[in-house]
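Student: I have a structure to go through. Can we test each label against its cut-off?

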Amino acid sequence: GDALVFSGNVGLRYVTTRDLRVFAGAYVIFDLNVGCGSNFSSDQYNVQLQYSLDHGATWTAVSTLCSPWPSCAASATIDQTSYRAGLFRNWRRVVVPLPSKTVSNQTRFRWYQSSYSSDYTWAIDNVYIGAACPNLCNGHGRCRSTANRTALMCKCDAGYAGVDCRPVAPLASQLVESFESEASLAKNWISYEGGAIGTNCGAVASGNSLYFTKAGPRVAETKDLDMSRATFVSFFIRMGLTSSGSLCPFPSQSSENVALQYSTNAGAQWTNVNFIPYSSYRSSPGSITWAIPAGAQTASTRFRWYQASNSGQNRDGWAIDNVFIGGNPPFATSLSETFVPDIHSAQWVDYLNSRVTSYCGRSNALLFDSSRGAGGLRLIASQPLDVAANNSFVQFTLDVGCGKASETVSLQYTSGIPGSGSITAFVRDACAYGS
């Protein structure tokens, strides 16, 4: 259908509502497209949602970035109501919980662009201001009044149904991402703003990573997943490469921490899982595993990595790699892998800097070497297994160096739900000679 489009060089661009009676707990919901696929990057071209309590004499942003980050967002984040083209190149629904400062008998709202270039366009559609529909339609429907205007109902998007718009068919129950191609990004991610695939932040896990060094918002947001049985999120991260003089300098203050967050209503509201401090994982990349909170274990949950502020282009950089989201019980009680004809990826969470080839007289072995580039980690990690039985054992064939001096290879385990009081340790500790 039609939308309200702002284009051309014809003066101010805005649309204003009449005065409305706004109650506590009300929402503004609308569809937004900024740039229609164009890669505009200037913050001065953002579209802003503002409110006025004095009939339009003065205007204030409905929501701003909280400060100081991240202490102001200890549990949850409400995004600022200034919308950048990078996150809205395609149509997206925006859900804004109205803060108490907007509650009055004469509140009006406006969508406003203070400056623009003549080729910069944007549009809004399906505007709703009022009380919440059931569960905010889980972010996958539009709020409407019933025919007799006595109640609110959801008009669900395609693929969603029911009173509050649940998925008709189960969504993917895990995500595995190594950032080696643009094709995988299109499959697994809704958007990534401020980032690109490459090695500008050095080796993280193996090969390319998704690194963030551009000016403006920096966020990577997954598609919705069925997390109803999922248990953990794991990923590799590097917080910068050097203090200065590179394309990926370290973050330098707490406002540049990176948050992992989840949303159960298509990005309408975000809840924090945890933060990666700006001063961590500098000298070398690291692996992080966190338990998926109970509140995120729904049939439609998405995650995002989010840096609320930065100092601009090629400043305060960071990168993520080898993201795994899932771990759905009941777990297998055994694992068998011959690497014929190749690795069976469904059995493994990670296998870094490795390839199946012939090695030292053995065909179809998993070889760890520098053929995929220098740097990075060398490891293979299984999916969670149920090894509660007392007679469980691990058996494998190993060759380190093919007759040449080489480094030590360790076999380790982690027990319990990863990131929730679990431990990582050697399967057997070293013992003193003669003991």
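Tutor: Start with the term strand. Here a strand is a DSSP run of E with at least two residues, numbered from the N terminus. The model is predicted. Its chain comes to 1 helix and 32 strands.

Student: Where does proline 341 lie?

Tutor: In the loop between β26 and β27. Those strands cover residues 318-326 and 348-352. Proline 330 lies in that loop as well.

Student: What makes the peptide bond from valine 340 to proline 341 cis?

Tutor: Its omega is near -5 degrees. The bond from proline 329 to proline 330 is cis too, with omega near 0 degrees. Most peptide bonds are trans.

Student: What is notable about the phi of cysteine 165?

Tutor: Its phi is positive, about 60 degrees, and the residue is not a glycine. Most residues other than glycine have a negative phi. Cysteine 165 sits in the loop between β14 (160-161) and β15 (166-167).

Student: Why is cysteine 165 called buried?

Tutor: Buried means under 20% relative accessible area. Cysteine 165 has 1%, so it counts as buried.

Student: Which label fits asparagine 126, buried or partly exposed?

Tutor: Its relative accessible area is 22%. Partly exposed runs between the buried limit of 20% and the exposed limit of 50%. Asparagine 126 is therefore partly exposed. Its phi is near 55 degrees, again a positive value outside glycine. This residue belongs to strand β11 (residues 122-130).

Student: How do you know that β4 and β9 pair?

Tutor: Pairing needs at least two bridges found by DSSP. Strand β4 (residues 27-34) is joined to β9 by 6 bridges, so the two strands pair. They run antiparallel. In one bridge, phenylalanine 30 of β4 has valine 94 of β9 as its partner.

Student: What is the strand order in the open sheet with β4 and β9?

Tutor: The 4 strands follow the order β1-β11-β4-β9, with antiparallel pairing.

Student: What makes β1 and β9 edge strands?

Tutor: Each pairs on one side only. β1 covers residues 4-6 and β9 covers 92-97. From one strand to the next, the twist averages 30 degrees.

Student: How much of the chain is buried?

Tutor: Of its 435 residues, 42% are buried. The accessible surface comes to about 21,800 Å², and carbon and sulfur atoms hold 51% of that.

Student: What share of the contacts between residues at least 6 apart in sequence joins residues at least 24 apart?

Tutor: The share is 71%. A contact here means heavy atoms within 4.5 Å.

Notes: Residues are numbered from 1 along each chain as its sequence is written. This is a predicted model: local features need pLDDT of at least 70, side-chain atom pairs count only at pLDDT 80 or more; totals for chains, interfaces and linings use all residues. Side-chain values use heavy atoms; hydrogens and water are left out. Buried means under 20% relative accessible area, exposed over 50%, partly exposed in between (1.4 Å probe, protein chains only). Axes are lines fitted to C-alpha atoms, for helices over the stretch in contact, and angles run from 0 to 180 degrees between N-to-C directions. Accessible areas come from the Shrake-Rupley method with a 1.4 Å probe; for residues, only the protein chains shown count as cover.
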